[in-house]
Every structure is written in C-alpha cells, then in structure tokens.
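Colleague: I should be grateful for a close look at one part of this model. Please begin with a single backbone position and then place it among its surroundings.

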Amino acid sequence: MAKKIVTGAGGFIGSHLTDTLLQQGHEVIGIDEFNDYYDTNLKRKNIAHLQDHPQFELIEAEIQTLDWHKLLADVDVVYHQAAQAGVRASWGQGFRMYTERNINATQVILEAAKDAKNLQRFVFASTSSVYGDAETLPTHEGICPAPVSPYGITKLAAERLCMLYHKNFGVPFVSLRYFTVYGPRQRPDMAFHKFFKAVLDNQAIPIYGDGEQTRDFTFVSDAVAANLAAANAPDAVGEIFNIGGGSRVVLSQVLQTMEEIVGQPIQRNHIGKAMGDARHTAADISKAQKLLGWQPQISLRDGLTQEWEWIQRLY
Ligand SMILES: NC(=O)c1ccc[n+]([C@@H]2O[C@H](COP(=O)([O-])OP(=O)(O)OC[C@H]3O[C@@H](n4cnc5c(N)ncnc54)[C@H](O)[C@@H]3O)[C@@H](O)[C@H]2O)c1
C-alpha cells in the first residue's frame with residue numbers, strides 16, 4: 001500500500017490527521033521542523049505517543065531542505081498542513097516567515113509533485129482568511145478572495161500556486177479552506193486555548209474588539225474527516241472547498257457556553273480590535289456536502305468540552 005505524507009505532523013491539525021491515518025492502517029511519513037512559533041514541547045507532546053509506532057516515520061526537517069522527488073516516489077497522498085499560521089504575527093518583520101513557510105515551501109513540494117507518478121492527491125490546508133471581510137455571508141467558494149491580513153495573502157498565493165500546477169502539470173490538488181479549527185491540541189495563540197488557560201490561571205480573558213464578531217468554528221475531527229474525504233472523493237481534484245462547523249456563532253455566545261462548561265463566570269478584558277482579523281466569517285459548506293459527502297459532526301458545546309478536558313490535563 002502506498003504511503004501518505006502529512007506535513008506539519010507535529011502541529012495541531014497535522015497530528016490529529018496523522019493519528020487518524022495510522023488508526024486506519026496506513027503508513028505515514030510525518031514531516032515537521034518543530035519551529036518555535038509556539039512552544040515546541042507542545043508539538044512534541046502532540047506526537048510523542050507515535051514514537052515507536054511501526055507504521056510511522058518522522059522526518060524532522062524544514063520542507064525546503066528535503067529531496068521531494070525521492071520522498072514522493074512511493075506516496076499516493078500528500079496532506080500539506082505545514083504553514084506559518086496566525087493572523088496577527090504576519091505584519092512587519094514576521095512576514096518573511098510567512099512567505100518562506102507558506103509560499104516557498106509549498107512551491108518546492110509542487111515542483112516534485114508534477115513528476116510524481118504515484119501521487120493521487122495533494123490536499124492543501126487553506127483558510128477562510130483568504131476571504132477577508134466577505135460581503136456575502138455565508139460565503140461560498142465562488143466569492144472573490146480579498147484577504148485582510150498578510151497571512152491570508154500568503155495562503156491565497158500558495159493556493160493559487162497549487163491551482164497553477166494542477167492546470168499546467170496535472171498535479172491532483174484539492175484545497176480545503178478551514179474556518180477557525182478548535183479542539184484538543186489547539187495552538188496556544190488561538191482564542192479558545194487562551195480563554196481556557198486564562199480560566200485555569202484565574203485571569204481575565206482578552207477579547208479583541210467588542211466581542212460581537214462572529215465565527216464559524218470547526219472541530220478538529222471534522223477537519224480531519226474533510227481531509228480524508230478530499231483524498232478519496234472522485235470529483236474533488238482541482239476543487240476548492242469551504243470546511244466550516246456548520247453554524248455561525250457570536251463570540252459572546254461562545255463565552256456563555258464556556259462559562260457553563262467550566263462552571264464559573266469568566267472575566268473579560270476588552271482590548272483593541274486586532275489588525276487583520278475579519279469581523280465575521282461563515283462558511284457555505286454546500287459544495288463540500290455535495291462533492292465530498294462531508295458533514296460536520298461535532299457541536300460547539302461537545303467540542304469545547306473536549307478542549308477544556310484537554311487543557312486541564314495539559315496544564
Ligand atoms: N487552526 C486553524 O484554525 C486553521 C484555520 C485555517 C487554516 N489553517 C491551516 O491549517 C494548517 C495547520 O494549522 P495548525 O493550526 O495545525 O498549525 P500548527 O502551527 O499547529 O502546525 C503547523 C506545523 O507545521 C510545521 N511547519 C511549518 N512550516 C514548516 C516547514 N517549512 N517545514 C517543516 N515544518 C513546518 C510547524 O512546526 C508546525 O508544527 C496550516 O496550513 C494553517 O494555515 C488552520
């Protein structure tokens with residue numbers, strides 16, 4: 001059986017995807033450089049249990065330093081999750097990391113992918129950030145992207161690059177535009193992780209802006225399921241899909257649910273609006289439902305409960 005590659009295998013989404021692929025009996029090559037965008041111990045913990053797994057090989061390296069022609073010889077699916085994530089750090093000097101890790105790294109894999117005879121799918125982790133402040137909510141994939149952050153610009157450039165390699169060289173690319181993913185192992189720079197940690201530390205949680213922004217939150221196992229569907233659905237090649245949790249929620253409502261889960265009031269500390277954050281996001285997921293046969297399964301309350309349980313174990 002051909003192998004699968006997961007880039008960013010030590011990260012939040014990549015580690016869950018790796019777990020699921022191994023559970024399904026696949027051989028997986030995980031690639032991660034364990035960069036210090038956030039505590040590398042967290043990334044190592046995410047996959048520590050896989051250290052001696054007979055079907056798992058970890059390559060600890062930066063994507064652009066690897067021989068991708070050799071790597072792809074025996075691989076039928078690449079799940080390209082590695083990236084420099086995060087909207088706020090993408091301004092200023094930080095931008096260089098975004099162009100390297102999001103655009104240049106993707107281009108290196110694509111160059112090899114065009115000659116890879118066994119490659120059946122190249123699944124690209126894209127983002128709702130490509131839409132920026134979309135005028136149409138829920139937003140469908142046909143809306144013209146207009147990122148409001150440098151991060152979104154680099155992810156859109158990488159997604160467009162994938163499309164170019166698909167059109168010119170037949171690279172079997174599929175793009176998944178995730179809408180705010182959450183759950184156990186969520187990155188420490190992301191809101192729910194910060195919120196739950198603040199509750200543990202008895203501190204007020206930081207709220208950017210007025211708290212009335214809305215998001216479409218996606219539980220991580222639903223994002224994983226979308227990846228598997230994207231790798232297998234016959235009509236997915238060359239297509240872009242929104243992957244969202246299925247409902248649009250106001251941040252202040254989320255906080256109410258969180259208070260019920262943690263069983264105590266949560267103090268709020270309102271700070272200025274973060275530059276680069278879209279005010280509202282909402283996914284029209286009808287295309288993924290139709291072509292991928294995919295449907296989010298986990299409610300916000302259940303997903304938040306799982307994340308809270310994980311945070312308590314972690315700290
Ligand atoms: N988490 C979300 O809500 C969300 C939303 C939209 C899109 N995405 C996308 O999903 C993907 C995964 O996000 P995440 O939240 O799991 O992030 P993450 O930071 O937890 O994981 C990314 C991993 O990739 C590794 N990495 C980055 N650049 C690399 C390189 N050049 N070579 C080798 N390893 C490298 C990092 O060390 C990290 O472990 C990213 O592509 C991100 O843009 C995430």
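In which loop is R185 found?

Modeller: The model is a predicted one, and the description below should be read in that light. R185 lies in the loop between β7, residues 181-182, and α6. The backbone of R185 is unusual in one respect: its phi is positive, at about 75 degrees, although the residue is not a glycine. Most residues other than glycine have a negative phi, and most peptide bonds are trans. A second departure of this kind concerns the peptide bond from L137 to P138, which is cis, with omega near -10 degrees. P138 belongs to the loop between β5 and α5.

The loop that holds R185 leads to α6, and that helix, residues 191-200, packs against α10 at an angle of about 55 degrees, the two axes being 10 Å apart. The two helices, α6 and α10, are therefore oblique to each other. In passing α10, α6 makes a right-handed crossing. Helix α6 also packs with α8, here at an angle of about 40 degrees and with the axes 12 Å apart. That angle makes α6 oblique to α8, and the crossing of this pair is right-handed.

There remains the pair formed by α8 and α10. Helix α8 covers residues 251-262 and α10 covers residues 300-314; their axes come within 10 Å and cross at roughly 55 degrees. For that reason α8 counts as oblique to α10. Here too the crossing is described as right-handed, with α8 passing α10.

The ligand may now be considered. Around the ligand there are 28 residues, of which D32, Y38, E62, Y151 and K155 come nearest. By class, the residues of this shell divide into 13 nonpolar, 8 polar and 7 charged.

Polar atoms of the protein approach the ligand at several points. A ligand nitrogen lies 3.0 Å from a polar backbone atom of I63. A ligand oxygen is 2.9 Å from a polar backbone atom of Q81. At R187 it is the side chain that takes part: one of its N or O atoms is 2.8 Å from an oxygen atom of the ligand. Because a polar contact requires a pair of N or O atoms within 3.5 Å, the R187 pair, at 2.8 Å, counts as one.

The cover over the ligand can also be given as an area: taken alone, the ligand exposes 820 Å², and the protein buries 98% of that. The elements that give two or more residues to the surrounding shell are α1 (12-23), β5 (121-127) and α5 (150-169). Among the contributions, the largest share, 3 residues, comes from β5. The loop with the cis bond at P138 runs between β5 and α5, and both of these elements appear among those giving two or more residues to the shell.

Methods: Residues numbered from 1 in each chain as written. Predicted model: local features only at pLDDT ≥ 70, side-chain atom pairs only at ≥ 80, totals over all residues. Heavy atoms only, no water. Near = heavy atom within 4 Å. Polar contact = N/O pair within 3.5 Å; in protein donor to acceptor, adjacent residues only side chain to side chain. Areas by Shrake-Rupley, 256 points an atom, 1.4 Å probe, with all protein chains shown as cover. Helix = DSSP H or I, 4+ residues; strand = E, 2+ residues; numbered from the N terminus. Nonpolar A, V, L, I, M, F, W, Y, C, P; charged D, E, K, R; others polar. Axes fitted to C-alpha atoms, helices over the stretch in contact; angles between N-to-C directions. Parallel < 35°, antiparallel > 145°, perpendicular 65-115°, else oblique. Left-handed = near helix turned anticlockwise from the far one by under 90°.
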